[in-house]
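Hi everyone, thanks for making time. I'd like to walk you through a model I've been looking at, so let's put it on the screen.

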Amino acid sequence: MTRQERTAWWLTGPVLAIVAGVFLLPVLLALALSVTDYSIYAFASRANVQFVGLGNFIGLLRTPLFWRALANTALFAVLGVPMAIGLSLAAALLLHDKTVRWKPLWRVALFAPYVTSVVATAVVWRFLLNTRYGLINYALTAVGLPTVDWLGNPHASIPAILLFVTWKIFGYNMIVFTAALAAVPQDLMEAARLDGASRWGRFRHVTLPAIGPTLLLASVMSVAGFLQIFAEPYVMTLGGPAQSTVTVLYFMFDEGFKWWNLGQASAVALILFVLILAVTNVQTWLGRRNQWL
Amino acid sequence: MLATACSSHTAHKALRFWATSYEGDYAPHLMTSFTARTGIDVEVQSLPSTAAHEKMLTAFAGREMPDVFVLPSGWIAEFSLIGAVAPLPSPRLVSDVIPAALAMARLHGRNYGVPWSAAPQVQFYRRDLLATIGLDTPPLDWESWRRMGRDLKRKRPDDFVVLTLLNWPDMLFTLLYQSGAVLLRDRDTRGNFRTPEAEQAFAFYASLFAEGLAPRALSTEVQDGFAAFAQGRYAVWPSWPSLLLDLHRRRAELPAERWGVARLPGPRGPGPTAMIASNLCVSTQTDQPDAAWALVRHLASPASELRFQSLIGNLPARASVWTAPQLNQPVLRPFAEQMRQPAITPKIIEWERVQVEVQLVAERMVRGLLTIPQALATIDGRIDQILAKRRSLVEAGRIA
């Protein structure tokens, strides 16, 4: 080992040790837990823990609520990702326009929800979404639309939570897109305009390729975020009505920390990990094909 | 001075005490006299009741249990099985406790906590609203009670009658206990909901929602139940003694002459209802058990019980305290009667979860996603799944 290598190990060693201790080791232990029936009985006696192989996974596949949680999570991601990214891109494009004044003020105002506490804002949104006294239903009646039982109707609960989540998180991607838009080559844009390209044509063929990598990054992060959605339903609906907002992570929390079935909960965590990995792989493959990576 | 300060600290480090809701919020008022008498400081932490179960389990796993904590009787089986609760050092601690409360904290012939307060479920009702249909008090059998509901609904079609929410299991379980249903079978290892009694209770429960007497809503949608009760959105609220404190605090919204308390109706007159007894427990992880038991003795003393009763409306679990004049109020009579007839719940560690899961299925039934027979079959299947581990341990003879 050269002196340089030794120094490198000295510098990275502590960090690697910490990563191994607080990240790798727990992950391996969780993997080990997922093939046992570790439950609250394990506190009474270690002898009550047994190796069950794939038992937890088979048990999960036979649990209707797990399937419902998967479907709910998929719905959150399928509706939420385009909604969140679309809105942040639209906001970024608007803010990028030369005619917009007070840009810093708008940026701060739209970014502010992102840095507020989930619980506090969720409580406020619960008031906004209240069926009888809520501001949103008040606005709907004002324009002659029927009111919606946002958090009480199993079909409206996911859209209601998505409204809140989108409002809360779109500011972050908006800032990222604002930065990416600033890097779009202006001479190319000018040339396209001189050649008579329409507004849509310039967006499709100049802006979009330039911000492609950023778009990919935003979508990877958003998908991973939406697949792990938990705090919002936990605070706003407790998974209800009729378990329509129980997500995979919520299911895992209940199994693991409420009922202490850590074996089962670890199995859920593993499945979620594999799912996120698979979706991210598909996204990177798409990104490569479009030469965004 | 520094020396004395140090020595008093080394003699006793502060005891940690956890309780939920009002009991936790107001417990510091009981600690001042304890600290003055013994010199032991007590750090009180109030836990929200919705998160108390997981918080205590996590604390036990992390060896962070407080020295003394309050457990509802339904959790005694669970926490004693995992070895979190120390058995009582002397039976004298519970010598004059109300038998029903004592039985709930007893397991395999041993007592695991000193019953502190007993909270039977009763109904609070609006005198003024009942008067509009010519009633002084709510009827005490299911059929007439439901007729009262229909009459009220006809008078006030935009309002509901009963405040019971779709994620509160207590109402449904009270109906089940009253119908005489035996909810588990095979030494409490399998669900037993496909019985005529359970079906009767479920049918009655479902009819409350189908007829618009109760709202199809979760607790997350009703931000202020008390305000709704005060505004007359509901005429009847099946609830607990803790509501007495709200009624006292917010008497400007709902004056005392407009409400009353009665026992809940049963199929043919009042019967057993759900009861939550809180028990003072000492952790097995405590390193100062003597001080911890001294604190339990102080909190369970007649003086503390009476103080707490006047502060938050808690009903003492000590029989001798009930002779005190402050407990001789007409409003407390239904509680005292109901306390003698609590529902006996299975003492298995999964009971808390069973109740939650039964209520989840009941919610789907109320929302029209399942019929009653489908709901009962689903519940039995779900309970069998939850109790699988218990079944295997019972069959192997590892637990009783």
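I'll start with chain B as a whole, then go to one strand, and finish with the side that touches chain A.

One thing to keep in mind: this is a predicted model.

So, chain B overall. It has 400 residues, and 46% of them count as buried. Its secondary structure is made up of 18 helices and 12 strands. If you follow the C-alpha trace along its principal axes, chain B spans about 75 × 55 × 35 Å. How does the radius of gyration of chain B sit with that of a compact globule? For 400 residues a compact globule would come in near 21 Å, and chain B has 22 Å, so the two agree. Now take the contacts in chain B between residues at least 6 apart in sequence: 75% of these join residues at least 24 apart.

Next, please find strand β6 of chain B, residues 114-120. Why do I call this strand largely enclosed by the rest of the structure? Because seven of its seven residues are buried. Its partner here is strand β12 of chain B, residues 275-282; the two run antiparallel and are joined by six bridges. If you want a spot to zoom in on, Ala118(B) in this pairing stands opposite Ala277(B) of β12(B).

Last stop, the other chain. Here 23 residues of chain B are in contact with 22 residues of chain A. On the chain B side, helices α4 (52-61), α5 (76-81), α16 (351-366) and α18 (388-395) each supply at least two residues. By character, that side divides into nine nonpolar, nine charged and five polar residues.

Thanks, and over to you!

Conventions:
Residues are numbered from 1 along each chain as its sequence is written. Chains are lettered from A and ligands numbered from 1 in the order in which they are written. This is a predicted model: local features need pLDDT of at least 70, side-chain atom pairs count only at pLDDT 80 or more; totals for chains, interfaces and linings use all residues. Helices (H or I, at least four residues) and strands (E, at least two) are DSSP runs, numbered from the N terminus. The radius of gyration is taken over C-alpha atoms; the globule rule is 2.2 Å times the number of residues to the power 0.38. A residue is buried if 20 or more other C-beta atoms lie within 10 Å of its own, exposed if 12 or fewer, and partly exposed in between; C-beta atoms are placed from the backbone. Two residues are in contact if their C-beta atoms, placed from the backbone, lie within 7 Å. Two strands pair if DSSP finds at least two bridges between them. Ala, Val, Leu, Ile, Met, Phe, Trp, Tyr, Cys and Pro count as nonpolar, Asp, Glu, Lys and Arg as charged, and the others, Gly among them, as polar.
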